[in-house]
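User: Hey, can you walk me through this one? I'd like to start with a helix and see where we end up.

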Amino acid sequence: MTISALILIGIDLAAALVLSLGLYYRRHHRRDLVVAFLGVNVGVMAVAAVLGTAEVAMGLGLGLFGVLSIIRLRSSEITQREVAYYFAALAIGLVTGLPQTDPWPVAAMVALILVVLWAADHPAFLARTRHQVVRLDRAVSDDDELRSELESRLGGTVSSTTIQELDLVNDTTLVDVRYRMPRSGARAASALQGAGR
């Protein structure tokens, strides 16, 4: 194993720890996904390293990475945010696992991935935007009435609604709503979220 390969393994392990513990766990506190991110990252890095040094057909290698990229946990639902972390773990493992003569451009790409995730998942980024699935205690089919009801209950400006279930027998409405909080409410919420970050 070359010095360059050892440096890349070190970069991969450091980046995987920053991604899973420094960014994800610190903000979202799901231990099970930390294990998944670390496992996926190291596994992809190991497979990429073996494929990079062995005489393996390119089609087989691409097929293996295709299989790795579609793995997901069937036992629990994951959000789009967690999909982004999975993809980042895969990408970091892949770029650090392939043989390179100069590890520093790879280190720059890994740093770019980490910085983008840090910024995009920061609590202050788009802090006023909210998403909720709300069950109202009455059946509301009129869009304007629904929007007014949701704005009064949520305290924000509704940007879109999707009625998922309108139950006329039990007099309930299940609605997926996206809305924006007023600036003062968003600052308070951001300050509360930032206190634990």
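Analyst: Sure. This is a predicted model. Let's take helix α6, where L146, E149 and L150 are buried.

User: How are those three placed around the axis of α6?

Analyst: They cover an arc of only 95° around the axis, so they sit on the same side of α6.

User: And what do the buried residues of α6 pack against?

Analyst: They pack against three strands: β1 (129–136), β2 and β3.

User: Which exposed residues are on the face turned away from the buried side?

Analyst: That face of α6 carries D144 and S152, which are exposed.

User: What span should α6 have, and what do its ends show?

Analyst: The helix covers residues 143–154, which is twelve residues, and at 1.5 Å a residue it should span 16 Å. Its end C-alpha atoms are 16 Å apart, so that agrees.

User: What caps the N-terminal end of α6?

Analyst: D142 does that job: one of its side-chain oxygens lies 3.4 Å from the backbone nitrogen of D144. Just after α6, G155 takes a positive phi of about 75°.

User: OK, salt bridges now. How many are there in the whole structure?

Analyst: A search of the whole structure finds nine. Some of them form a network that links D137, R138, E145, E149 and R153.

User: How far apart are the closest N and O atoms of E145 and R138?

Analyst: They are 2.9 Å apart in that salt bridge. E145 has a relative accessible area of 36%, so it is partly exposed. R138 is partly exposed too, because its value is 28%.

User: Which residue forms a salt bridge with E82?

Analyst: That's R30, with the closest N and O atoms 3.3 Å apart. The pair links distant parts of the chain, 52 residues apart: E82 is in helix α4, while R30 is in the loop between α1 (3–28) and α2 (31–53).

User: Is E82 buried or exposed?

Analyst: E82 counts as buried, because its relative accessibility is 6%, and buried means under 20%. R30 is at 23%, so it counts as partly exposed.

User: What about R30 and D32?

Analyst: R30 forms a salt bridge with D32 as well, and there the closest N and O atoms are 2.9 Å apart. D32 is partly exposed because its relative accessible area is 41%.

User: Back to α4 for a second. How far does it reach?

Analyst: Helix α4 runs over residues 80–97, 18 residues in total, and reaches 25 Å from its first C-alpha to its last. That is close to the 26 Å expected at 1.5 Å a residue. Its buried residues include Y85, Y86, L90 and I92.

User: Let's switch to the strands. How do β2 and β3 run?

Analyst: They run antiparallel, with nine bridges joining β2 (residues 157–167) to β3. As an example, T162 has D176 in β3 as its bridge partner. The two strands form a hairpin with four residues between them, and D171 in the turn has a positive phi of about 55°.

User: Where is T173?

Analyst: T173 is in strand β3, which covers residues 172–180. At 0% relative accessibility, T173 counts as buried.

User: What is T173 in contact with, apart from neighbours within four places in sequence?

Analyst: Its contacts include V134, L136, R138, V140, I163 and L166. With V140, a polar atom of the T173 side chain lies 2.8 Å from the backbone nitrogen of V140.

Conventions: Residues numbered from 1 in each chain as written. Predicted model: local features only at pLDDT ≥ 70, side-chain atom pairs only at ≥ 80, totals over all residues. Heavy atoms only, no water. Expected span 1.5 Å × (residues − 1). Buried < 20%, exposed > 50% of the residue type's maximum accessible area, 1.4 Å probe, protein only. Polar contact = N/O pair within 3.5 Å; in protein donor to acceptor, adjacent residues only side chain to side chain. Contact = heavy atoms within 4.5 Å. Pairing = 2+ DSSP bridges. Salt bridge = Lys/Arg side-chain N within 4 Å of Asp/Glu carboxyl O. Arc of directions from axis to C-beta.
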